[in-house]
Amino acid sequence: MWIIGWKGPSGFSARSTAEEVTQEIDGTGLTAIVTGASSGIGMETTRVLALRGVHVVMAVRNVDAGKSVKEALLKELPSSKIDVMELDLSSLAAVRKFASDYQSSGLPLDLLINNAGIMACPFMLSQDNTELQFATNHIGHFLLTNLLLDTMKQTSQESNTEGRIINLSSEAHRFAYHEGIRFDKINNESEYNSMRAYGQSKLANILHANELARCLKEEGVQITANSLHPGGIGTNLFRHSSILNVCSTSLGKLFLKSVPQGAATTCYAALHPQVKGVSGEYFMDSNKAEASSLAQDAELGKKLWDFSISLTDPK
């Protein structure tokens, strides 16, 4: 339980912070991409990874905000390696440009942390005419991951280190539409429910990680893929929901995690040796957890994979 803070098998609990779960871990020589790194959990993940010696590339929609965060972090951690690159996950063209620019940079890639997301926004379509939450939270990250896989494989092979892909999901995946993924109704505005659509996108994050884990294991490469619930945190993720925003502001100190606690499971999954070789799992409070039955449905995962390929295929 969050308030009690019971420790799980890992030795950590909901109260553990990102610094605590990575204590004495040396990430020197590793390179990570963190999407949505200019605020909230993404910013704290960037800070702690950099603190542990990881070279972090902040993939952000607002470059000016990203540069401001980088400058602040460099004042705190002057010897850290942090770069900022532009990435708008709601645009497939922008995702392709980011991946191309990253590959041209010649940088290796050990850790891909698919952190960015939007929550409970009014019905909108992305630049590619896909419902915005599904497009940003899942499709953009799906394409980004596919485009960067070869770089991760090359890095893993050359350095003989394990690559790790981490999808930030949410317990909200349990409250998706009853059929899970509305393949034929993704863009149906008349039946749109902002919270269920958010849950749908978070369910997709888990299914994506699980199917990716299966593919990587079948291929025999040294790369894992996992998903996680960071916990309830009062960040700007709530900005589209006035009710959630008020609740997070008024009750946050009692019932929500702090940002350092919210970033803990991400940093645990990214760096901790306990997670070495672990793939296709769902984590919460820096411990393994059990996702919903829909999230564990392999056939649904395969169907989502094929559907996502169709949406990202340059026609």
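## Arg-96 and its surroundings

Arg-96 is part of helix α4. The model described here is a predicted one. With a relative accessibility of 27%, Arg-96 counts as partly exposed, because that class lies between the buried limit of under 20% and the exposed limit of over 50%.

Setting aside neighbours within four places in sequence, Arg-96 is in contact with Leu-143, Leu-147, Thr-312, Asp-313 and Pro-314. Trp-305 lies 209 residues from Arg-96 in sequence, and the two C-alpha atoms are 18 Å apart in space.

## Nonpolar cores

In soluble globular proteins, nonpolar side chains tend to be buried together. The largest nonpolar core in this model has 43 residues, and those that touch the most other members are Ile-33, Phe-98, Tyr-102, Phe-134, Leu-148, Ile-165 and Ile-181. At least two residues of this core come from each of β2 (55-60), α4 (92-105), α5, α6, β6 (223-229) and α10 (298-312). Helix α5 gives the largest share, eight residues. Separate from this core is a second one of 36 residues, with Leu-49, Cys-267, Val-275 and Val-278 among them.

What does Ile-165 touch, not counting residues up to four places away in sequence? Its partners are Leu-112, Asn-114, Thr-145, Leu-149, Met-152, Leu-212, Leu-216, Ile-223, Thr-224, Ala-225 and Asn-226.

## Helix α2

Helix α2 covers residues 40-51, and its 12 residues should span 16 Å at 1.5 Å a residue. The C-alpha atoms at its ends are 17 Å apart, which agrees with that expected span.

Is α2 mostly covered or mostly open? It is mostly covered, with 10 of its 12 residues buried. These buried residues are Gly-40, Ile-41, Gly-42, Glu-44, Thr-45, Thr-46, Arg-47, Val-48, Leu-49 and Ala-50. One of them, Leu-49, also belongs to the second core. Gly-53 follows α2 and has a positive phi, near 95 degrees.

## Cavities

How many cavities of 30 Å³ or more does a search of the whole structure find? There are two. The largest has a volume of about 50 Å³. Its lining is made up of Glu-131, Tyr-177, Arg-182, Lys-185, Ile-186, Asn-188, Glu-191, Tyr-192, Ala-197 and Gln-200. By residue type, the lining of the largest cavity holds four nonpolar, two polar and four charged residues.

The second largest cavity contains about 40 Å³ of space. It is lined by Asn-114, Ala-116, Asn-137, His-141, Asn-167, Leu-168, Lys-202, Asn-205 and His-208. At least two of the lining residues come from each of α5 (132-159), β5 (163-168) and α6 (194-219), and α6 supplies the largest share, three residues. The lining of the second largest cavity divides into two nonpolar, six polar and one charged. Asn-114 in this lining is also one of the residues touched by Ile-165.

## The second largest pocket

The second largest pocket holds about 300 Å³ of space. It is lined by 17 residues, of which Leu-30, Thr-161, Glu-162, Arg-164 and Leu-271 are the closest to its centre. In the lining of the second largest pocket, six residues are nonpolar, six are polar and five are charged.

Technical notes
Residues numbered from 1 in each chain as written. Predicted model: local features only at pLDDT ≥ 70, side-chain atom pairs only at ≥ 80, totals over all residues. Heavy atoms only, no water. 1 Å grid on protein atoms, 1.4 Å probe; cavity = no way out; pocket = protein on both sides within 12 Å on 5 of 7 lines; lining within 4 Å. Points joined across faces, edges and corners; volume = space filled by probe spheres on them. Nonpolar A, V, L, I, M, F, W, Y, C, P; charged D, E, K, R; others polar. Helix = DSSP H or I, 4+ residues; strand = E, 2+ residues; numbered from the N terminus. Expected span 1.5 Å × (residues − 1). Buried < 20%, exposed > 50% of the residue type's maximum accessible area, 1.4 Å probe, protein only. Core = buried A, V, L, I, M, F, W, Y, C linked by side-chain atoms within 4.5 Å. Contact = heavy atoms within 4.5 Å.
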